[in-house]
Amino acid sequence: TTKTQVAIDGPASAGKSTIAKIIAAQMGYIYVDTGAMYRAITLAAMQANLIQVGQTAVDETSISNLLANVQISFAPSEQGQLVFLNQVDVTEDIRQANVNSLVSVIAAIPAVRTELVERQRQLAATSSVIMDGRDIGTTVLPNAQVKIFLVASVAERGQRRFAENQAKGIDTDLTLDEIKESIARRDYLDSRREVSPLKQADDAVLVDTTGLSIDQVVAKITDLIKQKI
Ligand code: C5P
């Protein structure tokens, strides 16, 4: 039997991981959270004092050398998925505001992308997969049978992220406006970088989730998958 590949791309906080986790569980696919990989290398660079909040330029060679010794792995958990950086659980650390503010700088480094894309393809090689990110349909899995570009208004994405942060106790001091600004800034940087920017693949289906429930989005994407497999 052939392996199915589902690519979900889109801007920050559009609900990609929420939807992908549910579909992975329903369809028996593995879920690969590529954003978590960029977040983990960002955290590793912060820990090695190679970047700090406010910095927009970095020593790319040091960061790519660091990456050679950075192991990133995932393990299933009740709340979804745990993320490990060199065997240390960083699931919560990689969602903090300082990582949010730096990850797009690290993700723009060509050598970082080459290495992580290679690791992402390896993860997809063994099993049917649903992978979310910014460049999955355009670069990582160009032959994916199903490609979704998931969007929602900045207002709605900000509100969702604000509610999620309050519920999980992450960055609870941030106002709704600060969260909206951080989301818009990340989209700006991710769309304008040189190497595989955030972009809808020509053969991706645009799904606007503004005003839709999680169940409605899952149903829509499940239908699209079932048409293709
Ligand atoms: O998906 P998430 O919001 O966790 O991604 C965090 C950041 O990682 C993005 O803002 C982007 O800079 C980077 N990223 C990327 N390519 C991917 C996934 C994430 O550049 N495939």
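Trainee: In S7, which residue is the bridge partner of Asp-9?
Mentor: The model is a predicted one. Strand S1 covers residues 5-9 and strand S7 covers residues 146-151, and the two pair in the parallel sense over four bridges. For Asp-9, the bridge partner in S7 is Phe-149.

Trainee: In what order do the five strands of the parallel open sheet stand?
Mentor: The edge strands are S2 (30-33) and S8 (205-208), each of which pairs on one side only. Neighbouring strands of this sheet are turned by 20° against each other on average, direction ignored. The pairing is parallel, and the order is S2-S6-S1-S7-S8.

Trainee: Which strands of that sheet does H2 touch?
Mentor: Helix H2 comprises residues 34-47. H2 packs on the sheet, and its direction makes about 40° with that of S2. The strands that H2 touches are S2 and S6 (129-133).

Trainee: At about what angle to S7 does helix H9 run?
Mentor: Helix H9 is formed by residues 214-228. H9 lies across S1, S7 and S8, and its angle to S7 is about 160°.

Trainee: Is the pairing in the open sheet of three strands parallel or antiparallel?
Mentor: The edge strands here are S3 (72-77) and S5 (88-89), each pairing on one side only. S3 pairs with S4 (residues 80-85) over six bridges, and one partnership joins Ser-73 to Phe-84 in S4. With the order S3-S4-S5, the pairing of this sheet is antiparallel.

Trainee: Which strands does helix H2 lie across, one of them at about 35°?
Mentor: H2 has already appeared packed on the sheet that holds S2 and S6. In the three-strand sheet, H2 runs at about 35° to S4, and the strands it lies across are S3 and S4.

Trainee: Which helix gives the largest share of the shell around the ligand?
Mentor: The ligand is surrounded by 16 residues, and the closest are Arg-39, Arg-113, Asp-135, Asp-190 and Arg-193. H2, helix H4 (97-107) and helix H8 (176-192) each supply at least two residues of the shell. The largest share, four residues, comes from H2.

Trainee: What percentage of the area that the ligand exposes alone does the protein bury?
Mentor: A polar side-chain atom of Arg-113 lies 2.7 Å from a ligand oxygen atom, and one of Asp-190 lies 2.6 Å from a ligand oxygen atom. For Ser-104, an N or O atom of the side chain is 3.4 Å from an oxygen atom of the ligand. Taken alone, the ligand exposes 450 Å², and the share that the protein buries is 96%.

Trainee: How far apart are the end C-alpha atoms of residues 6-227?
Mentor: UniProt, in an unreviewed entry, lists residues 6-227 as "domain: Cytidylate kinase". This span is 51% helix and 17% strand. The distance between its end C-alpha atoms is 12 Å.

How values were computed:
Residues are numbered from 1 along each chain as its sequence is written. This is a predicted model: local features need pLDDT of at least 70, side-chain atom pairs count only at pLDDT 80 or more; totals for chains, interfaces and linings use all residues. Side-chain values use heavy atoms; hydrogens and water are left out. Two strands pair if DSSP finds at least two bridges between them. Contact means heavy atoms within 4.5 Å. Axes are lines fitted to C-alpha atoms, for helices over the stretch in contact, and angles run from 0 to 180 degrees between N-to-C directions. UniProt positions are given in the numbering used here, feature names are shortened, and annotations may be inferred rather than shown by experiment. A residue is near a molecule or strand if one of its heavy atoms lies within 4 Å of it. A polar contact is a pair of N or O atoms within 3.5 Å; within protein, one must be able to donate a hydrogen and the other to accept it, and residues adjacent in sequence count only if both atoms are side-chain atoms. Accessible areas come from the Shrake-Rupley method with a 1.4 Å probe; for residues, only the protein chains shown count as cover.
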